[in-house]
Structures are given as C-alpha cells and as structure tokens.
Amino acid sequence: MQRRRRMQPREPRSRAQRAARACARSHHAADPRLPAVLHRRARVGRRHRMAGRLAHHRRRQGPHRGVSANRIGHAAGTPEAFRIAPRTMHYALRTMHSAPHTDEKGRNVLATTDISRRGFVKLGAFAAAAAAMSGSVGTNLVHVEPAVAAESGETQKIRTLCRACLNNCGMIAHVRDGKVIKLEGDPDDPMNKGAACVKGLAGIQALYNPNRIKYPMKRQGERGSNEWERISWEQAINEIADVMWEYYQKEGPKSLVCSTGGGGNPQFFSPARFLSVWGGGNFFEPGCAQCYLPRNHMEFCLNGTADTSLADGPVTEVYLPDCQTKTYVMWGVGPSYHGTGSTGRAVTELRNNGMKSVVIDPRLTPDAARADVWLAIRPGTDVALMLAWMRYIIDNKLWAQDFVREWTNLPFLVNEDTRLTYRASELDLGGEDEYVVWDQNTNSAKAMPYPFDDSLDPAMFAGEGKFFELPNGAKARTAFDHMWESCKDYTLEKAADICWLDADEIEQAINIYVEGCPNAGISLGVATDQARNSAQAAQGDAILDILMGCIRTPGAIVQNRPCYVEPCNYVVQPFGLHHPDHPLRMPEEEANARLGYTEHKGLGHWLASHIPTVLKAIETGEPYRPRIWIERSGNKLAMIGNATRFYNAMMTTDLNVHMYMHWTTTSVCLADYVLPTAEWLETNYAQDRLNTYGIRRATTQLYEAVDECMHWSWLAKALADRGHQRAIDSFDPEVAGKFYGTYWKTYEEYMDYVGYFVGSFYYGTEDWDWKTFEAQAPSEYQTIEEYANKSYDSHLLDDEENPGKPAGFNTTSKRCEPYFDGNILLGNTGAIDGSGSMEPAKDVFPLSDNYNPLPYYLEPHESPLTDTEYPYVLTQGRLPFFHHGTLRNTPYTREMYPYPETWINPETAKELGVETGDWLWLESRRGKTQGRARVTKSVAPKVIYQERYWNPELLDSDDPNRAWQVMNINLLTQNNDECPFNDVYGTYTLRGITIKITKADGAPEGVWMDPEDFTPWLPEPSENTGGGNAVYVA
C-alpha cells in the first residue's frame, strides 16, 4: 500500500412525462383528516387531468484520485497499491507515450483542438462568449497556426453530441489510431450550427486527463488519508453489495442514500431508478430544489405547457429559422456564459436582427451589456420586482384581456375560507367539472362550462373591498381580485427601494416587454431557484407571461413542443415513474418516508429528498439514520451549501461509494470505494435536437471506465445474486416491462434499449435497436415547419378525448391557472400537480402548511437592510469556462480562469481600501474563504460576486480538505435549520446571503495560478481498451 500522490509543480416535456403527472408519484387514499372539499376536488381534478394528459400522450405517439496506473514495483495485473507518480515521472511518461502524436516541432497534438496551446490561450477568457455575442463565431476567433498531427493513419470523423453541459451541442470528433485528436462543432446541428465553446473543446483534455479515475479503487487507512489500493471490478461490486445486503437485511431500504448532480450527468434519474429497485431510501442532488425543480414544476402547473428555462431545454423558439420573438426578458439568464455556442449564439443573432431584450441580473454579463435595459437587481429580491411588474400591468390595463378572460382561471370565484376556486356543484349551479363566475349580464353567480359560454360576461374584479354574494349566502371575490390583493402594494417606487433599482428604468423595462407581447416572453434562470422565494419566483414568472397572453403564440418563449423527455431528455427513468401500479415502483410507505418530503412536497416531482433533512437524519438518527451513501457526480463539497456541515455528516456514514470520471474532493476526502466512470466521448446516448434526433457515439473507451448505467446494473445484479427479490425482478422483462426496460447485464443491452426508446417515442416504431438508430442518426422525425407550427394555438385544436371541444391546457381546469389553488392540494395531499390525492406519511413528519396559490415576497433571512456585522450581499453565477464543478482540472480552462475573481464595485472597494488583484477574505456566519478582487462597475455597490470553486492541485497536499476549503463560497452559504427553507421545495439559500470582507496577506498556499503550473494536467494519450465492459461481466 502506498499513499497516492498527484503531480505538483510547486510545493503547495414529453408524452410520457405529461401523461405521468396525472397518475404518477402518488396514488393513495384520501386522508380522513382533510376537509371533504379537498377529497372531492382531488378525485375530480385528478380524473379530469389524467384523461387530458393521457390524451395528450396518445396524440404524440405517432411517427412523427484516479491513478494514472503507473505501477510502482508490482507485477502487471495484480491489484496492488498504486500512486500517482511524481511530476518528473509523469512528464517522462507523457513524452514517451505521446511520441507518435507530436508534430515536427514536438508539440502534443492531443493537447489541442486544431489551434496551438498558446493560440488557444490568446483567445482569452471571453473569446467564445464574444463570438456568440457577435453573431458570427468564426470571424471572431484569433487566427493561429494550427497543430498538425503526425500522419500515422486515416482520420475518422465521428458525429456525436457534447455533454460538457446541458446544451448537448453537436460535435465532430476526429479520431486517428483509436485516439481523439480534434473536436469541432457540427455545422449541421440545428441548434449550435457548428459553434463550440470552451467547455466542449476541453473534452479531449478531460478524456485523456492524467487525473482520471482509471480503475476501481479501495481506500486503505483512515477515511480521507488518500491511500488507495487498485482492485478488480468483481471485487469492488461484490464488496459493496455485501455491505448493502447486510444493512438491507438489518435495517431495510432506508439505510441507503443515493445522489447525483446536474453537471455533465446525462442519466440524472439513474439513482432514483436504483432506489425503486432497492425498495426505498433517499435520493438528492445539489441542484434540484436549488436548480430547476421550482421552475420545471411550478411553471408547468400554472401555464399547463412548459417551463421557461433556456439552459435546461424547453425553450426552443429562439432556435427556429424564422423566429418571431420581438422581446426577450432574461431574468437571471446569461446565455453567452452558460451556452456560448448554442443559446448564446441564438440569442445574439436574434438581437442582431432587431429583437429587444431586457436583462435582470446583479452582474453585467455580455447579454446585459447588449440589452436595451439592464436591471442590476439586489440578489434575493426578485419576487418583489415581479409583483411590481404585475401591479403595473394590471393597473395600466396592459394585460391581454380576451386571453385572460377566456383561457385563465382569473375570473373564477374563490372560497374565502379554503382559498380554493368554487366548483359549480358546491353551489348547486352545475357539475363538478364546471367553475363559478359572476355574470355581469344577470348580476348573479353562474356555472362556467368548458371552454367558455359566450352568453356570460364574467366579472374580472369585484372591486376594492367589495364581494359578490353567492346563493348560499357566502361572500366571494374573483381569483383576479386575490391576485391584485397580492401585488397592489408593490409600486415601482417600492420595488426600486427594495431591489436597489431605479423606478424609471423598471417602467422602461416593463414597457419594452409589453410592446413585444404576445410575441415575447420571459426566461427565468437558476438564480431565483437559490433563494427561499424559489417557488414564488416561478409563480411570478409564469403569471407575467399568462397575463400578457405569451403562451403558444409565434415568438413566445412558452411553447407546447413534444420533442424532449423532460427534464433534459433523461432516457433512463425510475421504474413506475409514469405507471403507479408498476411492480418495481417504490412502495408507498417508503416513498412517503423520504426525508423532508412531507414538509416540502414539491420535491416529489423529482422523487427527491431534502438535503438538510438528510444531513440531520445522519447527524441525529431521527427519524432514522442512513448508513450508506452512493454518489454519482463530481464534487459535492464544492456544490452543496454549507459544505462544512455536509463534510462532517458524511464522515460518519458506514460506507461511501463515489462514481466519477476524475478524482475530486468527494473521492479523496470522503469515499471508501471509487468507481471509474466514462467521459462523454466514451458513451453512447440519444438526444433530441429540435425536429431531429441526435446521437452520442462513443469515440473510444479507456482504462476500465464504464457508463454509469452499468454501475447501477452491476450492483443490482450482485444484489439479485444475494436474494434481493426486487433486484431479481429488475432483470425480468415480464416484470420490468418494455417501456422502462430491464436492468442490463451488458452495455450492448443498454444501447439497444436506447434505440428502442427513440424509435418508439419519436419515429412510431418499436422494433429499433441501437444499430438501427445509429444507422440513420441524426435524422428528422418531423419537418422544422411541423415542429414549429405544432405548438402555436395548440390549445384550440380538437381534443381527441372530447370531440368538439378544444384541447386546452394541461391543467385541472384545462385553462392556464395563474391563481394556482392546486398549491393548497399539493401541501395537504402531496398531489404533484395539485389534482390528485394521497395519504401523507404518518408518525414521521407533520403535514405541510398550506402553500399559497399566489406569489409573495420574503426579505432574505440575512438582509443587508438590517445586518450591520455582515453588510455586503453575496451572489454567484456561471462562467463560460466551467459547468458547475467541472473542468477545474483541465489545463486550458484553468489557465484562462485560474482562481475565482471577487467582483466588487469601486464604491465598495474604496470603502474597504481594496484594489484589483488584492487577495480577500470573504466571511459569513458559517465560514470563510478567499477570492481575488476585481474592482468593476459590473456589480452594484454592496453587491459581491464570486463563483463556486475548488482546487484539484491541493488534493495531494498534506491536508486534501484544503482543495474544497480555500476558495469555495459554499463554505459561506446556508442549509441550516435556522435559515428558513422554501415551503414548497425546501430550497436553501445560495444567493443573497450577507458577508463581510477583509484583506488577506496573499493567495492560499499551494494554489496554481501561472500557465506553466498546469503542465502536469496536459492530456496523456491512451489506447482504446474497451473500458470496464471488456474486463467484467455481471
């Protein structure tokens, strides 16, 4: 056994998904403790929505630290201890192995993507973003002498798809002698059109990175000691399964926690799929309630169509050849940073062609710099600004009156006691599927049938302080009255005061938006998902587009397109996700016992648990203690709020397993076993690209790495061998069913399932396998005209389930529901879309409080308005070099951004005596960390920006924990009980916390900053081994 050392240069919405929402995730009996109206509402609403969703489903079914394995003193093939060789040895090995792949000047062509190393760096930190901003990628690249590969064989060009982020851009990989030597954007891809960003071009460096986890490794010595032994796949799987089976028999399925991450993981639901087979346990992801879930769930519930995320997939309008978007509001969205070659390029072209834009962001991003109006909002105050927009639009009668009157629930009368909209049956006015309006023609309450009764003239408002009197003597107001009540106090001046903005600029921004409607829209970004008003921000965003009729119109951001399995096309899905009676669906009792679920029932939309509640259970054993943690993503200690708490909790578990491509702090500091996972250039997968379906083809397979689907499959097989009945059933086609597929014993079986999935969902055939799919991919499954036009006014199309009626929207009322009383049902019953019913977990947690049908503003728990000890506001946000915690160990990306910049306004800098280049301490009530000052007007006074960071070069130091501590703002963020969570999703606060700043003596010891420092991370060529599939069969 030897201590592992690393190199150191210095001493340091789909058919199935939409059908699912009616019947998935909860199918329980009504709770006798709830009012009868909730049960009746749940039964009728659920039945109605289920029929609508299934019809929608059917309409869309037609065609249409990793060792480099430098062995020290042991015979080949023996599972002895390994360590990373010193820098000199690595340099010698790299030089020796790369000889056939250098040009006449000795340059390593594997370290390039058709431009030289110096040339690549000359592009600068913002070259790719600048290219996207210009609208012409090629003309903005700095010309350099291209690297020339040695002529040792024929070059094969493989069309594939990137996975450096969620954009999945089309790429062409140049492969020679089994090695990838060049990457470029695919000009035929309909979304990125040949553009490629820094993250994608870093794919070769990630693939051949000397820091790859290359073989299964087992910890020796104390956890965190960084001492490892190479073992076989067979030994790793069996030893892990032995521990799992032991705890399963002693404590049941609650003993297991599985997790993943959004960054770079195309199989987000693989852990949840495994837990459904396991029979219980908890699943979490650092994003989830802090990234996308609030928008993905809540916006769909209100508009019955889709969420507005530009980064995560549903917004496709901006890519259309004849896009008619007149105005685009990017609220916490920075496409030139998060998706330079795809979303950044598309938005830039639209802007160059005359589209107006408004950017609401604390930072002056490239998109903000080119916007018609930039509102530099105080972090954490977005909902206050949304309420002001709502008030202004309503007060000035700018809303789309015909659309709101006929296609929303705002005219419906609301029960003042329950806050639910009245059904006609409650007042003996009509059926259970009809609502109640106040008819101005007869001055009485009337049933409103679907879709609309032209003989009625529904009142939109009762008036300030007034009520309508109902037949039963009760008094009621409209849903629109309630909306006005929620926003009437938020004048432009009040919002300006709260948000640190100018009232005139707010008004200008609103009018630019309104002028473009209904051919306009708002995209809401991740920023609002990272504060305790996360659900309310998603409500506010959806309400604004509904008020303006920006739903399913040409140019609108919200469109009804069937081309993705949301979110982000995850082909591998949990058993029973869309089928409540599936035998491998997680049992009800175990699903209800998910930690934090009962309080924050919106988590059920992604089958997730609440991270702070999981940590509390590990810390206290209440209500039960998880014992085993299996993690499939990069670096939880850099990504999870209040990382110190997370570290302390996970150090107490009995078994930690890490599956990833590279050694990170999770591997070195927390893991007992590490399992090598394939890079995107080593995997096979499928991805929709507008009206076409694209393919990710494996270009090579290195070391003993495997696609993560095989990790879970092999563990399931090992458990089946030990007698775990559900695991046995997961390999039985009769039990698993064709829709979900069985678990796979070989990678070829998995690939064939992907082929079947694409064929059945998009091409109307169920006999495809992988070869069939690969032979024609990428290809169109409908024309671009069909793809675009299918959404426009689709609520007016015939409903196949109800001939003669329009299809409407995918909500309980079949109208948009800006007054989302389904939130009350969600809080009380757990119905994901507010229409079903379930019996809440008993004797575990109390019921949730009622969730509000309308958005409301909460001042951040830590507020600069009252906090004199920590007077500055910290925010974060993406950069073009990294996606979440990735690529901090690739030399080019780190050379361009070697340390986190602390953006600070000149006014604040003067107050603190800080200049550009100074090293700073940033401190909150939870911890402190460092950054380097950049004095800039790109942030407002008292607002501080710094992105998440970690330092792989410190993993090999005497204290590997410094790798996640020295420059990581997640030491400062919140996930403790004393900091309130969002009611619906349990969101903890990552942006808008208060901090104080002091000057530091210098940079953290041992961090790399100079270009030459990153030389040890240059790519190491490796032969195609076939990966772990070549050495292990379950």
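User: What relative accessible area does R405 have?

Analyst: First off, keep in mind that this is a predicted model. A residue counts as buried under 20% and as exposed over 50%, with partly exposed in between. R405 falls into that middle class, being partly exposed with a relative accessible area of 23%.

User: Which residue meets R405 in a salt bridge?

Analyst: The two side chains come together at 3.6 Å, N to O, and the partner of R405 is D457. R405 sits in helix α15 (residues 401-407) and D457 in the loop between β14 (444-448) and β15 (468-469), so the pair ties together parts that are 52 residues apart in sequence. The partner is partly exposed, at 26% relative accessibility. So the name to remember, going by the salt bridge, is D457.

User: How many salt bridges does the structure hold?

Analyst: In general, side chains of opposite charge can pair when their charged atoms come close. One example here is a network of salt bridges that links E416, E464, R477, E485 and K488. For the structure, the count of salt bridges is 41.

User: Is D367 buried or exposed?

Analyst: D367 meets R351 in a salt bridge between their side chains, at 3.7 Å from N to O. The pair links distant parts of the chain, 16 residues apart, with R351 in helix α12 (residues 340-352) and D367 in helix α13 (residues 366-369). R351 has 9% relative accessibility and counts as buried. D367 has a relative accessible area of 0%, which makes D367 buried.

User: What separates K250 and E246 along helix α8?

Analyst: K250 and E246 form a salt bridge, with their closest N and O atoms 3.4 Å apart. An α-helix has 3.6 residues a turn, so residues three or four places apart point the same way. K250 and E246 are four residues apart in helix α8 (residues 233-251), so what separates them is about one helical turn.

User: Is K250 exposed or buried?

Analyst: Its partner E246 is partly exposed, with a relative accessible area of 39%. The cut-off for exposed is over 50%. K250 is at 54% relative accessibility, so K250 counts as exposed.

User: At what angle do helices α17 and α18 pack?

Analyst: Helix α17 covers residues 492-499 and helix α18 covers residues 503-516, with axes 8 Å apart and an angle of about 115°. That makes α17 roughly perpendicular to α18. The crossing is right-handed, and the packing angle is about 115°.

User: Which residues in α18 are met by L492, E493, A495 and A496 in α17?

Analyst: The four α17 residues meet A503, I506, E507 and I510 in α18. By class, this contact has six nonpolar, no polar and two charged residues. The α18 side of the contact, then, is A503, I506, E507 and I510.

User: How are α14 and α17 oriented to each other?

Analyst: The axes of helix α14 (residues 382-395) and α17 come within 9 Å and cross at roughly 170°. Over 145° counts as roughly antiparallel. The crossing is left-handed. With that angle, α14 and α17 are therefore roughly antiparallel.

User: How many nonpolar residues are in the contact of α14 with α17?

Analyst: A384, L385, A388 and Y392 in α14 meet L492, A495, I498 and C499 in α17. No polar and no charged residues take part in this contact, and the number of nonpolar ones is eight.

User: How many nonpolar residues does the contact of α14 with α18 have?

Analyst: α14 and α18 pack at an angle of about 65°, with their axes 11 Å apart. Their crossing is right-handed. On the α14 side the contact involves L385, A388, W389, Y392 and I393, and among the α18 residues are I506 and V514. One residue of the contact is polar and one is charged, while the nonpolar count is 10.

User: How far apart in space are D188 and R159, C-alpha to C-alpha?

Analyst: D188 is found in the loop between β4 (179-185) and α6 (198-201). At 59% relative accessibility, D188 counts as exposed. In sequence D188 and R159 are 29 residues apart, while in space the distance is 9.9 Å.

User: Which residue takes a positive phi just after α31?

Analyst: Helix α31 (residues 822-829) is largely enclosed by the rest of the structure, because eight of its eight residues are buried. Among them are I824, L825 and L826. Just after α31, a positive phi of about 85° is taken by G830.

Key
Residues numbered from 1 in each chain as written. Predicted model: local features only at pLDDT ≥ 70, side-chain atom pairs only at ≥ 80, totals over all residues. Heavy atoms only, no water. Axes fitted to C-alpha atoms, helices over the stretch in contact; angles between N-to-C directions. Helix = DSSP H or I, 4+ residues; strand = E, 2+ residues; numbered from the N terminus. Parallel < 35°, antiparallel > 145°, perpendicular 65-115°, else oblique. Left-handed = near helix turned anticlockwise from the far one by under 90°. Contact = heavy atoms within 4.5 Å. Nonpolar A, V, L, I, M, F, W, Y, C, P; charged D, E, K, R; others polar. Salt bridge = Lys/Arg side-chain N within 4 Å of Asp/Glu carboxyl O. Buried < 20%, exposed > 50% of the residue type's maximum accessible area, 1.4 Å probe, protein only.
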